[in-house]
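Trainee: I have a structure open and I'd like to learn how to read it. Can you walk me through it, feature by feature?

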Amino acid sequence: MDVFVFYAAAAITLLGASMVLVLANPLRAAMALILSLGALSVIYVLLHAQFVAVMQLLVYAGAIIVLFVFVIMLLNLEDPKTRRSWPWVAGVFTIIGGLSYGLARGLMVDDNQFITSGPPHVNALSKDYGTVEQVGREIMTTFVLPFEMLSVLLLVAVVGAVVISKKRL
Amino acid sequence: MSESYLPIFILFFVTLGIGGAMLGLAYVLGPRKPSAIKEMPFEFGSPNIGTARERFSVKYYVTAILFLVFDIESVFIYPWAVLFRELGWFGFVEMLVFVAFILVGLVYVLRKGALEWE
């Protein structure tokens, strides 16, 4: 069951990603990216990373895509029908993707086990490994300093966004 | 593992089905008598001025970036809220420091008037 879900989600992820490359209309490409990111969150669930899966949907498929759409609106794009299309771009990225897949497969230790029962080390983890409780406990104990540093980073992001965008401070 | 997510899958497909049925049935059953005026994008009834592909103001973008920052803040508040009782005062103070830093950012944004629609 898990293996079937994994292959379905992986296929949808790749389908969405290749649609981003091929579609001429940038807004449609952004919508295809949502499809890809959504299917990716299913893979996160299969990897026992439930918290990451939820955040993938909330932050990436939600907020970051909104940002992408705003960039597309800012750029004042002409009608895609009048634009020159570059089919070779998709070809180049297909070759790069294929090579990285081959590399990953070459590095994979136990190939056959992966195909029949999913990633081996993931099955060894306990069921509640990536739950909100577990992740929160790690953040608040082991990684409490990076967590506090992150607030400074976010502060820098706020100030930077205001400084860059405001014409007159 | 994935069996416990079955309700989400069912919800997903029901949503997909309802959305698809609304569009599909309207397409199949609805009568269509297209004319040049009907095919035009609707712009409050008057003839169209220019295209829809206009440059939008950067103000939207700034608001979106600021939203993203506070969105990420909420990402960290969520697991903290789940563990609130377990963490006790230590967690409370840690989160207070975290929120205080971002609050400085919010005060900066408000003082600079970055959220004002000028």
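Mentor: Let's begin with the interface, keeping in mind that this is a predicted model. About 4,500 Å² is buried between chain A and chain B, and carbon and sulfur atoms give 76% of that area.

Trainee: How many residues does each chain put into the contact?

Mentor: Chain A brings 50 residues and chain B brings 49.

Trainee: And what about polar links across the interface? How many residue pairs are in polar contact there?

Mentor: The rule finds 2 such pairs between chain A and chain B, both at pLDDT 80 or more. On the chain A side, the elements that give two or more residues are α1, α2, α3 (50-74), α7 and α8 (144-165). Of these, α8(A) gives the most, with 15 residues. Sorted by class, the chain A side that touches chain B has 34 nonpolar, 7 polar and 9 charged residues.

Trainee: With charged residues there, I'd look for salt bridges next. How many does the whole structure have?

Mentor: A search over all chains turns up 1 salt bridge. The pair crosses between chains, running from B:Glu86 in helix α4 (residues 84-112) of chain B to A:Arg137 in helix α7 (residues 132-140) of chain A. Their closest N and O atoms are 2.7 Å apart.

Trainee: Are those two residues buried or exposed?

Mentor: Check each relative accessibility against the cut-offs: under 20% is buried, over 50% is exposed, and anything in between is partly exposed. B:Glu86 sits at 49%, so it counts as partly exposed. A:Arg137 has a relative accessible area of 29%, so that residue is partly exposed too.

Trainee: Good, I can use that rule. What is the overall make-up of chain A?

Mentor: Count the secondary structure elements: chain A has 8 helices and 0 strands. Buried residues make up 34% of its 169 residues. You can also ask how far apart in sequence the contacting residues are. Among contacts in chain A between residues at least 6 apart in sequence, 63% join residues at least 24 apart.

Trainee: Let me try a single helix. How does the span of α2 in chain A compare with the expected one?

Mentor: You take the distance from the first C-alpha to the last and set it against 1.5 Å a residue. Helix α2(A), residues 26-46, has 21 residues and reaches 31 Å, close to the expected 30 Å.

Trainee: Which of its residues are buried?

Mentor: Among them are A:Ala29, A:Ala30, A:Ala32, A:Ser36, A:Leu37 and A:Gly38. Further along, the buried residues include A:Ile43, A:Val45 and A:Leu46.

Trainee: What caps the N-terminal end of this helix?

Mentor: For a cap, look for a side chain reaching a backbone nitrogen at the start of the helix. Here A:Asn25 does the capping, with a side-chain oxygen 3.1 Å from the backbone nitrogen of A:Leu27. A:Asn25 lies in the loop between α1 (2-22) and α2 of chain A. Its relative accessibility is 17%, so A:Asn25 counts as buried.

Trainee: And at the other end, which residue follows α2(A)?

Mentor: That's a nice one for backbone angles. Most residues other than glycine have a negative phi. α2(A) is followed by A:His48, which has a positive phi of about 60° although it is not a glycine. You'll find A:His48 in the loop between α2 and α3 of chain A. At 7% relative accessibility, A:His48 counts as buried.

Trainee: Can we finish with packing? Which residues does A:Val69 touch, leaving aside its neighbours within four places in sequence?

Mentor: To read packing, ask which residues come together in space despite their separation along the chain. A:Val69, in helix α3 of chain A, is in contact with A:Leu27, A:Ala30 and A:Met31 once those neighbours are set aside. The C-alpha atoms of A:Val69 and A:Leu27 are separated by 6.7 Å, with the two residues 42 apart along the chain. A:Val69 counts as buried, at 18% relative accessibility.

Trainee: How far apart are B:Leu29 and B:Val109 by that C-alpha reading?

Mentor: Those two are 80 residues apart along the chain, and their C-alpha atoms are separated by 52 Å. B:Leu29 is placed in helix α1 (residues 6-29) of chain B, and with a relative accessible area of 66%, B:Leu29 is exposed.

Notes
Residues numbered from 1 in each chain as written. Chains lettered and ligands numbered in written order. Predicted model: local features only at pLDDT ≥ 70, side-chain atom pairs only at ≥ 80, totals over all residues. Heavy atoms only, no water. Helix = DSSP H or I, 4+ residues; strand = E, 2+ residues; numbered from the N terminus. Expected span 1.5 Å × (residues − 1). Buried < 20%, exposed > 50% of the residue type's maximum accessible area, 1.4 Å probe, protein only. Polar contact = N/O pair within 3.5 Å; in protein donor to acceptor, adjacent residues only side chain to side chain. Salt bridge = Lys/Arg side-chain N within 4 Å of Asp/Glu carboxyl O. Contact = heavy atoms within 4.5 Å. Buried area = accessible area lost by both parts, 1.4 Å probe. Nonpolar A, V, L, I, M, F, W, Y, C, P; charged D, E, K, R; others polar.
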